[in-house]
Amino acid sequence: MSEKKVILQVKNLTKIYKSGKTEVKALSDVSFDVCEGETIGIVGESGCGKTTLGRSIVRGIDATSGEVLIHTEEGVINFLQATREQMKKYRRDIQMIFQDPYASLDPRMTVFDIISEPLRYNSNMSKKEIEQAVEQIAEQVGLNKAFLRRYPHAFSGGQRQRIGIARSLILQPKVIVCDEAVSALDVSIQAQIINLLEDLQKEFGLTYLFISHALSVVRHISDRVLVMYLGRAVELAETEALFSTPLHPYTQALLSAAPHPDPDVEINRIMLEGEVPNPANPPSGCHFHPRCHYKTEQCEKEYPPFVEKEPGRFVACWNCGACKAAQE
Amino acid sequence: MALFKKKNKERDDSYYYASQWQLMYQKFRKHKLAMASAVLLIVFYTIAIFGNFVAPQGTEQFSGEYVNCGPTPIHFFHEGEWEGPFVYGLKRDRDPVTYMNIFVEDTEKICHIDFFAEGDKGGEYKILGLIPCNIHLFQAEGDGQVFLFGTDGMGRDLFSRVVLGAQISLFIPVVGMILTVALGLLMGSLAGYFGGWVDNVIQRLIEVVRSFPNVPLWMALSAALPATLKPAQVFMLMTIILSLISWPNLARTVRSQFFSIKKEDFIMAARISGAPASAIVLRHMIPSFLSYIIVNMTLTIPSLIVGETTLSFLGLGLRSPATSWGVLLQETNKLETIMFYGWKLIPMIFVFLAVLAFNFLGDGLRDAADPYK
C-alpha cells in the first residue's frame, strides 16, 4: 500500500460546534492519508463524527481548523483554504454521495437538472455537450435515458441513489466521499449499489471514503478501515488486519458487537460499561478510558498520540500491547 | 388490495413528469370548497373591476326622495300576464302604527328593466378609468327605480355602493398584501440568511409589533392622517398602515423556512457541486418555499379585508361619498338602523363571503402546497 501514490491527506482536521458557552468537539485532530484508487472505510457508532469528517473534507461544512491536502499536477493544495480559482478547478476532484436519497435530491428539479447541476457551475460546456454527458453517465449508473425528464418523486430509493451517484460522478472526480451511501436502502438494493460503486471504481479509478456503520459492508468494500470514537481517529489499518486483530480496545469491542449471520457461531462479545460520554464534556486523557478494560494511570492523564504502532497500522492507545496479548 | 390498486391506477405516466406546480394543481382541484371559493373570488373581482358598469348609480348620486327605501322586488308577471322583468313605481306612504316613512308599490305603474341601458340616469363613468361611457348593466325605464339592496339614509342605491365599495374593500387588501409580502420577505430573508444578531434584532422587532393591540394602533395612525386628504391618498395611507402591522407573520414564516431548508441535504449537495450562494437561494431555496409564501399571502388578505372594514366602520378610514364595505356598515352602528332598516346589513354578507372564501382558498392551497408529503 505504501508504494501507492497519495492523493489526499487529511491533517489535524477539527470541527468545533459552539452553542453559547458549551463547545462540542465533533472532530478533533483527525489525520490520515488516502492513496489513489483505494477505498477507506470509516466506521464508528452514531455521533462519533463520521459524517462531520466526510462533510468537512468536501467543504459541505467549514472545519474549524486543519487541512485537507489534495495532490494535483500543480502540487499540493489545501482544499479547505483554496482560492476561488483553485476551487473552480479542483472542486470537481472531491465529490460526495449522500446517505438519504430522498432528502438529497431537490424535489423541484427534473433528474436531468439534478445530474447536470454540477456541470452548470464548473464547466463551460454547451447545452448539447451537457446533454450528452448526462445521458452517458445515466447509462453508466443504470438509469434509463427516458427517465431523465421525470421528477425525483417518480423513483424508488435505489434509483434515487443512482441519481445521486450520477450527480457526484458527472464532474469526473478523483475522490468520492460516500456518506452512508447504502444505509438507507433495502439489503438487496444495497448489494446492487455496492456492486455499482465497485464497478465504477474499476472503470474510473475512483478513490472512495466509505463512511458507514455497517461493519460487514465496510469489510467487503474497503482496502483500509479508519475507526472513530468521540470525534477522534482511534485506529487505521488494512481491512483484514483490523478485522482479525484489532489493536485498539474500542475497535475490539466494536467488532465483537457485529452480528454474525450464523446463529450457531459463538461470539466473544466484549461488553463495554457505561455510555458514550457527552462530547461536550469528554473524559480527561484518552476519551475511551472510563470504558476500557486495559486502562492504566497514564490513560487518565494524557491522550495517546495516533501513531504507527506496526507497519501500516496507526493506533491511538497507550496499551496496544496488552490489548494484542489478550487476543492471543 | 383493492385500495392499493386504485391508488396505482391514478398514478399514470403523467404523474412522473409532473412538476411541483402541476402536482399542486392536481391536489388543489380535489379540494372542492377551495375551488368554489376561487370561482367566487374571481366573480367578485370581475364585478369589482367593472363596478361602474354593474352598478346602476355612481358614487356621487343620491336622491332626497327615496331615503331609507327597502329593496324593491322585481316582478315578471303583471296580473297574471308575462311582462318580463319590471318594477312597479314607488309611492311614499306613512306607517299607520309607527308613523314612519315607508314606500309601497304603485301597481298602476310598470317600469321595465332595460339591460345595457344607455343614458344619463346612471351617470357617466370611465371604463377602467380610461374610456368615457354611460352604459349600465341594468336600469329601470322612465322614473322607475331598482334598488336591489334598498337605499341608505341619503337615498343612495345600496347595491351600487356595495359594488363600488368592493373596488376598495377588495383591492386595498391586495395592494396591502403586496406591501406586506415585500416587507415580510425582506425582513424574513435577512433574519433567516444572516442569523445571529440580525436575526435577533428582527425577532425582537416582530415581537414588539405583534404585541401592540391592533385597534388603538390603527386609531393612532389614522388620527395622524390629515382630514383634507383625497380619497385616493387615504386609500394609499391606509394600505401602508395595514401592511406595517401585518408583515411579522410572513417574516416569521420566511425566516423559519430559510432555517429549515438551509439544513436540507440537497442544499449541501448544491454547495458541494460548487453552486454560488445566489444560485442556492434562487434555484433551490426560494422555489422550495414559494408555495408557502403564496399560502401565507392568501391568508393575509382576509385579515386586511377585516382591517379595512374595521377602520372604515370606526370612521377612521374612507369617508362618504367615497365608499367601501366598512363605510357602508358605518350606518349600522345604531340599534335603530338594524331594527327598521335590516337591509343595511347586506354589505356585511359580502365581507363575510370574501373573508371566508379567502380562508378556504388558503386552506386548499396549504393542503396542496407541499405535494411531496
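**Two domains, a central strand and a chain contact**

The C-alpha centres of domain 1 of chain A and domain 2 of chain A lie 29 Å apart in this predicted model. The domain assignment places residues 6-229 of chain A in domain 1 and residues 247-327 in domain 2. Where the two touch, domain 1 of chain A puts in 12 residues, and domain 2 of chain A puts in 12 residues as well. On the domain 1 side, β2 (22-35), α7 (215-221) and β9 (224-229) of chain A each supply at least two residues. Of these, β2(A) gives the most to that side, with six residues. Sorted by class, the side of domain 1 of chain A that touches domain 2 of chain A holds five nonpolar, four polar and three charged residues.

Stepping back to chain A as a whole, there are 11 helices and 12 strands. The radius of gyration of chain A comes to 21 Å, close to the 20 Å that the globule rule gives for 328 residues, so chain A is as compact as a globular protein of that length. Along the principal axes, the C-alpha atoms of chain A fill a box of roughly 65 × 50 × 45 Å. Of the 328 residues in chain A, 44% are buried. Take the contacts in chain A between residues at least 6 apart in sequence, and 63% of them turn out to join residues at least 24 apart.

As for confidence, chain A averages a pLDDT of 87, with 99% of the residues scoring at least 70. Among the elements of chain A, strand β3 (residues 39-43) has the highest mean pLDDT, at 94, and helix α11 (residues 320-327) has the lowest, at 76.

A good strand to look at in more detail is β7 (residues 175-179) of chain A, where five of the five residues are buried. Both faces of β7(A) are covered: one side carries Val175(A), Val177(A) and Asp179(A), the other carries Ile176(A) and Cys178(A), and all of them are buried. This strand has pairing partners too. Strand β6 (residues 94-97) of chain A runs parallel to β7(A) and is joined to it by four bridges. In that pairing, Val175(A) of β7(A) has Ile94(A) standing opposite. Strand β8 (residues 207-211) of chain A also runs parallel to β7(A), this time with five bridges between them. Here Ile176(A) has Tyr208(A) of β8(A) as its bridge partner.

Chain A also offers an antiparallel pairing, between strand β11 (residues 307-310) and strand β12 (residues 313-315), held over three bridges. Val307(A) has its bridge partner, Val315(A), in β12(A). The hairpin of β11(A) and β12(A) has two residues between the strands, and Gly312(A) takes a positive phi near 75 degrees there.

Helix α3 (residues 111-122) of chain A leads on to the second chain. Its buried residues are Val111(A), Ile114(A), Ile115(A), Ser116(A), Glu117(A), Pro118(A) and Leu119(A). Within chain A, the buried residues of α3(A) pack against α4 (127-140) and α5 (157-169), and they also pack against α10 of chain B.

That helix of chain B turns up again in the wider contact between the chains, in which 20 residues of chain B meet 22 residues of chain A. On the chain B side, α2 (13-17), α10 (265-272) and α11 (277-313) each supply at least two residues. The most comes from α10(B), which gives seven residues to the side of chain B that touches chain A. The residues on this side of chain B divide into 11 nonpolar, six polar and three charged.

Chain B has a domain assignment of its own, with domain 1 covering residues 53-156 and domain 2 covering residues 164-369. The C-alpha centres of domain 1 of chain B and domain 2 of chain B lie 37 Å apart. Their contact draws 11 residues from domain 1 of chain B and 10 residues from domain 2 of chain B. On the side of domain 1 of chain B that touches domain 2 of chain B, the residues split into four nonpolar, five polar and two charged.

Methods. Residues are numbered from 1 along each chain as its sequence is written. Chains are lettered from A and ligands numbered from 1 in the order in which they are written. This is a predicted model: local features need pLDDT of at least 70, side-chain atom pairs count only at pLDDT 80 or more; totals for chains, interfaces and linings use all residues. Two residues are in contact if their C-beta atoms, placed from the backbone, lie within 7 Å. Ala, Val, Leu, Ile, Met, Phe, Trp, Tyr, Cys and Pro count as nonpolar, Asp, Glu, Lys and Arg as charged, and the others, Gly among them, as polar. Two strands pair if DSSP finds at least two bridges between them. The radius of gyration is taken over C-alpha atoms; the globule rule is 2.2 Å times the number of residues to the power 0.38. A residue is buried if 20 or more other C-beta atoms lie within 10 Å of its own, exposed if 12 or fewer, and partly exposed in between; C-beta atoms are placed from the backbone. Domain bounds come from an automatic or database domain assignment. pLDDT is the predictor's confidence in each residue, from 0 to 100.
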